[in-house]
Amino acid sequence: MLEKKSKKGSVIALVCILVILGGVILLENVSMFMENVPEVLRPTSQLFTVLKKGAVYSLVAVSMNLLNGFTGLFSLGQAGFMLLGAYTYAILTVPMASKDQVYYLFGGSAVKFSLPDLFAGVLGAEGVGGAVSMVLGVLIAMILAGLVAAFFAWLIGMPVLRLKSDYLAIATLGFAEILRAIFQWQRLGPITNGANMIKNFPTFSSFNIENSAGETVLRLSTFVPFLVAALCIAIIVLLINSSYGRAFKAIREDEIAAEAMGINLSKHKQLSFCISSFFAGVGGALFAMYSANAQAKGFNSTLTYEILLIVVIGGIGSISGSVIATFAYVACSEWWLRFLDTPTTFQSESSRTMFIAALAVAGIAITALLLLRARKKKGGTGMMAAACIPAVVFVGYDIYYAMSGAMEVPFLRTGFRMVVFSVIIMIVVLFFRNGLMGTREISDLFKPKAKKEAAK
Amino acid sequence: MLKINDLKVNYGGIEAVKGISFEVPEKSIVTLIGANGAGKSTTLRAIAGLVRTSGGSVEFMGEDITGKDTTEIVSRGITLVPEGRRIFPDLTVLENLKIGAYLRKDSLESDLEWVYDLFPRLKERHWQAGGTLSGGEQQMLAVGRALMSRPKVLMMDEPSLGLAPIIVRGIFDIIREINRQGVTVLLIEQNANMALQTADMGYVLETGRITMTGTGAQLLADEKVKAAYLGT
Ligand SMILES: Nc1ncnc2c1ncn2[C@@H]1O[C@H](COP(=O)(O)OP(=O)(O)OP(=O)(O)O)[C@@H](O)[C@H]1O
Ligand SMILES: [Mg+2]
């Protein structure tokens, strides 16, 4: 009975994935066969940047969630493993023809081969043979990217996973920082190109299909990251629903009980850590393809915190939460909230007045809400006093701004976007600790009501 | 079946178990009783491979299993129901049960049936998160989870802890039932009365040493046991 139910669930999931993948192909090719598509659907639109980056980040976020959310191990090394993946991919796929140009500071590369070129040597560099060589080369480089990351995870995990799990966060954070320094070391230049970027390797747009005249006939540059991410996330979901996944969750819930049931703690922690890092490595390779370059500088702890933020907002322990939060986050940071970083002036006196009014209303509304919350709690007097602070701040600023007569929209300048994000993090952590989805999955929302109650 | 020989356990220099020997014959119920801190839990944890022994040996079905890891010991057929139940609170009842069978590769269906027969309540609630079960139900789940590993010896650490008398009686009925079906039981109890009534053999543990041995009935009748553990 239970078997049948889960089979039905996976069929539905498969259909959903296929529909999404089909939708992506359609979306990015609409502009091919329709003349007057709206600006958003043109290939240069921000929409496709968001979709590509979203696919890459969602894989990394899900890989982090596997470890942090499902196994209960707190690691902060995601950027480090992405770096390993990005560099492995880049080093192995820079075409022979570009090596001297890319590595010109070091008199060429020490890696005397390129995976796509190796296949091209057998299958031919032109037409279908060339395309297949590229795909095979990219695929193998991506898998190797994951394996290199997993190998390093295994090395770190051996000593660290035996300790209490707090140490893992410190060790992985340190590891990522050290790695970033090592990869910029000039002595390794012939391999890593020192502090300079590696580029010219196959990117997402290399997958767009062109006819003999060099015109693009089918765009696949958004589809490819979606396909890879969907495949990897599907593997992770299968893993989580397998008996291994159950063992991971058992370790998260109660290590002693898990051990008493015969689950080998260090072996399973190691396994989860390596698998998580494998997919972070693959995500790193995708990230290199997305950015069209690989440079150690970019893989700093800010990247890890971005991913961590996504995981927390989505719900620690929810795969679909991570995916939804990724796309929402990426859309906000790359697209919808961009205006926060651009200084703007009000077009007219009336819009300025409306803004001033809105700010005042917002200040009073927030204060009223906080007052209401505080009233119900014990010892609420102090909290009620504290709740008046936003009113004073908002309205005070509002009056100051109204008096100043300035026409620039307040706050909007470079860096304000990050301020807004930080505020969002604080709100999530303070009031919505379970994130968007908690530990539920999107499929749980469609379960019959009684069962949903019971599943809680 | 299970033979403990001069078992010693140290916690950072403090000897919690100071060389105890006892035997658990096949298909019997054996109980260890003793005051708080006597070393009962430590003994079970040592047998299960959860703490390192500092001396002595554990023999199971004629083979020495001293110092083997828990995975090995569980797969050989000794499973511990830990003190305080320790079910997995955010996992469903069914998931909890499946984790009990983690080391087994064969089909679980028949064992799931078996556990559901013993605890119909768990079947009703198989979708519920473990942490939302009542204390008694959680104890059933802890026992059911351990049974899912198909143990030859089931070790239980204070299964009656914090349960109402009527639930305790239910738990002991189940223990007898499991035993009747061929599972050997090693039981630790504060509730010495119930434990001795149920057990074939009893051992009294005092500060890391066995001070008394006898059948359940013998110990129940013993004046010193009565005074110290039965409160009569
Ligand atoms: N992890 C540990 N580290 C140090 N000492 C410990 C540890 N676990 C138990 N002990 C000590 O070992 C002794 C025996 O503990 P144990 O838990 O075996 O007692 P118990 O007989 O099960 O008692 P109770 O009936 O209260 O559960 C106690 O003095 C306890 O403080
Ligand atoms: Mg105890």
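**Legends to close-up views of the predicted model**

**View 1. Polar contacts between chain B and ligand 1.** A backbone N or O atom of B:G37 lies 2.8 Å from an oxygen atom of ligand 1. Taken alone, ligand 1 exposes 630 Å², and the protein buries 60% of that area. Side chains take part in further contacts: a polar side-chain atom of B:K40 is placed 2.6 Å from an oxygen atom of ligand 1, and a polar side-chain atom of B:S41 is likewise 2.6 Å from an oxygen atom of ligand 1. The model shown in this and the following views is predicted.

**View 2. The shell of residues around ligand 1.** There are 14 residues around ligand 1, and those that come nearest are B:K40, B:S41, B:T42, B:E83 and B:Q190. By character, the residues of this shell divide into four nonpolar, six polar and four charged. Helix 1 of chain B gives the most to the shell, contributing four residues.

**View 3. The magnesium ion (ligand 2) and its protein donors.** The protein donors of the magnesium ion are the OG atom of B:S41 and two OE entries of B:E83, at 1.9 to 2.8 Å from the ion. These two residues link distant parts of the chain, being 42 residues apart. B:S41 belongs to helix 1 (residues 40-47) of chain B, whereas B:E83 is found in the loop between strand 6 (78-81) and helix 3 (93-100) of chain B.

**View 4. Accessibility of the two magnesium-binding residues.** Is each donor residue buried or partly exposed? B:S41 has a relative accessible area of 13%, and it therefore counts as buried, the cut-off being under 20%. B:E83 has a relative accessible area of 35%, so it counts as partly exposed, a class that lies between 20% and 50%. B:S41 also has a polar side-chain atom 2.6 Å from an oxygen atom of ligand 1, and B:E83 is among the residues that come nearest to ligand 1.

**View 5. B:P120 and B:M140 in chain B.** B:P120 is located in helix 5 (residues 120-124) of chain B. Its relative accessibility is 49%, and B:P120 is therefore partly exposed, since exposed requires over 50%. B:P120 and B:M140 are 20 residues apart in sequence, and their C-alpha atoms are 9.9 Å apart in space.

**View 6. The two assigned domains of chain A.** The domain assignment of chain A gives domain 1, covering residues 42-301, and domain 2, covering residues 344-411. The C-alpha centres of domain 1 and domain 2 of chain A are 45 Å apart.

Conventions
Residues are numbered from 1 along each chain as its sequence is written. Chains are lettered from A and ligands numbered from 1 in the order in which they are written. This is a predicted model: local features need pLDDT of at least 70, side-chain atom pairs count only at pLDDT 80 or more; totals for chains, interfaces and linings use all residues. Side-chain values use heavy atoms; hydrogens and water are left out. Donors are N, O and S atoms within 2.8 Å of the metal (3.2 Å for Na, K and Ca); water is not among the atoms, so sites may look incomplete. Buried means under 20% relative accessible area, exposed over 50%, partly exposed in between (1.4 Å probe, protein chains only). A residue is near a molecule or strand if one of its heavy atoms lies within 4 Å of it. A polar contact is a pair of N or O atoms within 3.5 Å; within protein, one must be able to donate a hydrogen and the other to accept it, and residues adjacent in sequence count only if both atoms are side-chain atoms. Accessible areas come from the Shrake-Rupley method with a 1.4 Å probe; for residues, only the protein chains shown count as cover. Ala, Val, Leu, Ile, Met, Phe, Trp, Tyr, Cys and Pro count as nonpolar, Asp, Glu, Lys and Arg as charged, and the others, Gly among them, as polar. Domain bounds come from an automatic or database domain assignment.
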